[in-house]
Amino acid sequence: MHHRSLLAYAYAHSEDSAAAMADAVAGAVDYRGRPASRAATGGWKSSVFVMAMEIAERFAYKGVAANLITYLTGPLGQPMARAAASIDAWKGVSQMLPLPVACVADAWLGRYRAIVLASILFVVSMGTLSLSSAFHIFRSGGHVAVFYVALYLVALGEGAHKPCAQAFAADQFDEKDPKENVARSSFFNWWYFGMCAGTAVTTMVSSYVQDNVGWGLGFGIPCIVILVSLAVFLIGTPSYRYYTTKEPSPVARVGKALLVLIKSWRSKHRTNPASGKVEAKNSDEDLVEEVRSVFRLLPIWASCIIYAIIFSQTSTFFTKQAATLDRRIGPKFKVPPAALQTFISVSIVAFIPVYDRLFVPLARRYTGRPTGITMLQRVGAGLSLSLVAVVLSALVEMRRLGVARDAGLVDAPKAHLPMTLWWMVPQYVLIGVSDVFAMIGLQEFFYDQVPDAVRSLGLALFLSIFGVGHLLSSFLISVIDRATAKRGASWFSNNLNRAHLDYFYWLLAGLCVLELVAFFFFSRAYVYKKKSDDGDYRGGDADADATLV
């Protein structure tokens, strides 16, 4: 009897172990270091905590960025061209920092710890901005220095948060599980939905407080929000999946792979083939393939830069244009100029459910793909919409300048023109809808197409598109301002009624056309990463040959 009991116990124990193994997510552990249970960890129930953190981060970052042009040209007294170039340079740095920070997070720090440290940086920097702008603690230039130090600390927090938060949230879905893999594709849509919801709220609230109450409180509210969200994020700690790797850092991986590539190239050029045998292990060959897969992304990366330059104008010149219009709604309320950016977020929030629930199922009927269209087809559609948006922006600016001339207000830059703010709303909406296609498509593309071990780096590469775009925008504005000012009238004159932002928008439209041609060529040639359930397929293959642009 005792022997049978032992056998029964061993059998039951083996069944339990088998069930536990089946329930475990490969390569993932829970917060105690045990194999992560599929039922108890990950999925939507875990990703919502990270989404809450992302919404708060958008609240903090946009609480600074959305109305920064008004602060620099107002309390700090900077010329418009210099202020716009400074903002684009700051945004460029904040979008480029994710590249080195993602390497650190993937190799040593871990995504979870990076998110926590980024939140602490946000609290410190936002608190300093609030105190600096509220009390002007330092006089005779010291205030400006403190402000810029705090501003770039915000950029550092942004650089630490952006690639790690999204990669960590996406890690909560196992791509090897069919149901979770489909949910992960939908996750990128809803992630951007939540991010834009946070942006819409902060743009409206912060800009109104900053314009009508004070800059100290306007910068202080996002600081409080990020503190609360950090507490919420920490509450979700037991439910997260943490992926562990014994692989070397991304930098070391790339360096080692480059050495293998050089050895391979040299061996092919030796006179004695027998002495040129490459004795690389399979792991070295895998590393080389990983580097090649990243290099294959670079043409797509480069052909999206102009889109980023167009996007960067929404928080600078668009806001300055809006300040000259009639922004009254009702007898007393006046819409803050920066609050018009809310229409970008609102259009995204409104269109994402349409895309996810209507467009994708409809496209799926024709293409047979679970996602409806390929990632690059989605990006191409977004680039095309950004072209329409910048052309419309040029036409609206031509109309605004005409109204200023007809009303005799060319030399009255502070006067409100007899032209309603609603003229500018369509260009904001088009930018928002283009983001649903291009921005989300690029996020998914750069997460999906890089090796698993360096996905934070992949998302950082995506963000660097906008970093380079902002920096190039800053460079373009500075060069054009100097060149046109020498001829007597800058395109970016402080008097917008004598400026020519329309010329700048037409220049961007021409560059966008060239970008679309390049993108179409590169995307048609691109071969997607091979997965276990399908073969390689090109960006515009036969079964998904929808119009790319």
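How much area does the protein chain expose, and what share of it do carbon and sulfur atoms supply? Turn on the surface of the whole chain: about 24400 Å² is exposed, and carbon and sulfur atoms supply 65% of that. Keep in mind as you click around that this is a predicted model.

**The whole chain**

Switch to cartoon and color by secondary structure. You'll find 19 helices and five strands in the protein chain. Of its 549 residues, 53% are buried. Now think about who touches whom: among contacts with a separation of 6 or more, 80% are between residues 24 or more positions apart.

**A patch on the outside**

Select Y208, I329, F333 and W422 and show them as spheres. Together they make a nonpolar surface patch of about 390 Å². Zoom in on Y208, which sits in helix α8, residues 178–212. Is Y208 buried, exposed or partly exposed? It counts as partly exposed, because its relative accessibility is 35% and that class lies between the 20% and 50% cut-offs.

**Along α8 to Q210**

Stay in helix α8 and pick Q210, which is found there too. Q210 is buried, at a relative accessible area of 4%. Show its surroundings and skip the neighbours within four places in sequence: Q210 is in contact with G63, N67, W215, G218 and F219. Try a distance label from Q210 to G63. Their C-alpha atoms are 9.4 Å apart, although 147 residues separate the two in sequence.

**The bent helix**

Next, select residues 342–367, which is helix α15. Where does α15 bend? Look at Y355: the helix bends there by about 40°. Y355 itself is buried, and other buried residues in α15 include T342, I348, I352, D356, V360 and T367. To see what they lean on, bring up α8, α16 (375–406) and α17 (425–448); the buried residues of α15 pack against these helices. Then step just past the end of α15 to G368, where phi is positive, at about 80°.

**Rings**

Now show Phe, Tyr and Trp side chains as sticks. The structure holds 42 aromatic pairs. One of them is F445 with F446, an edge-to-face pair with 5.3 Å from centre to centre and 90° between the planes. F445 and F446 are both buried.

For a bigger group of rings, select F49, Y112, F168, F233, Y240 and Y242. Ring pairs link these residues into a cluster.

**Two last buried stops**

Go to helix α6, residues 111–135, and click on S119. What is the relative accessible area of S119? It comes to 1%, so S119 is buried. Beyond its neighbours within four places in sequence, S119 is in contact with M53, I226 and L230, so add those side chains to the view and see how they sit around it.

Finish at F519 in helix α19, residues 501–525. F519 is buried, with a relative accessible area of 0%. Which distance separates F519 from C304 in space? From C-alpha to C-alpha it is 7.5 Å, while in sequence the two are 215 residues apart.

Definitions and conventions. Residues are numbered from 1 along each chain as its sequence is written. This is a predicted model: local features need pLDDT of at least 70, side-chain atom pairs count only at pLDDT 80 or more; totals for chains, interfaces and linings use all residues. Side-chain values use heavy atoms; hydrogens and water are left out. Patches are made of residues with over 30% relative accessible area and no salt bridge: like charges are joined within 9 Å, nonpolar side chains (Val, Leu, Ile, Met, Phe, Trp, Tyr) within 5 Å. Accessible areas come from the Shrake-Rupley method with a 1.4 Å probe; for residues, only the protein chains shown count as cover. A salt bridge is a side-chain nitrogen of Lys or Arg within 4 Å of a carboxyl oxygen of Asp or Glu. Helices (H or I, at least four residues) and strands (E, at least two) are DSSP runs, numbered from the N terminus. Buried means under 20% relative accessible area, exposed over 50%, partly exposed in between (1.4 Å probe, protein chains only). The bend at a residue is the angle between axes fitted to the seven residues ending there and the seven starting there. Contact means heavy atoms within 4.5 Å. Rings of Phe, Tyr and Trp (its six-membered ring) pair if their centres lie within 6.5 Å; planes under 30 degrees apart count as stacked, over 60 as edge-to-face and the rest as tilted.
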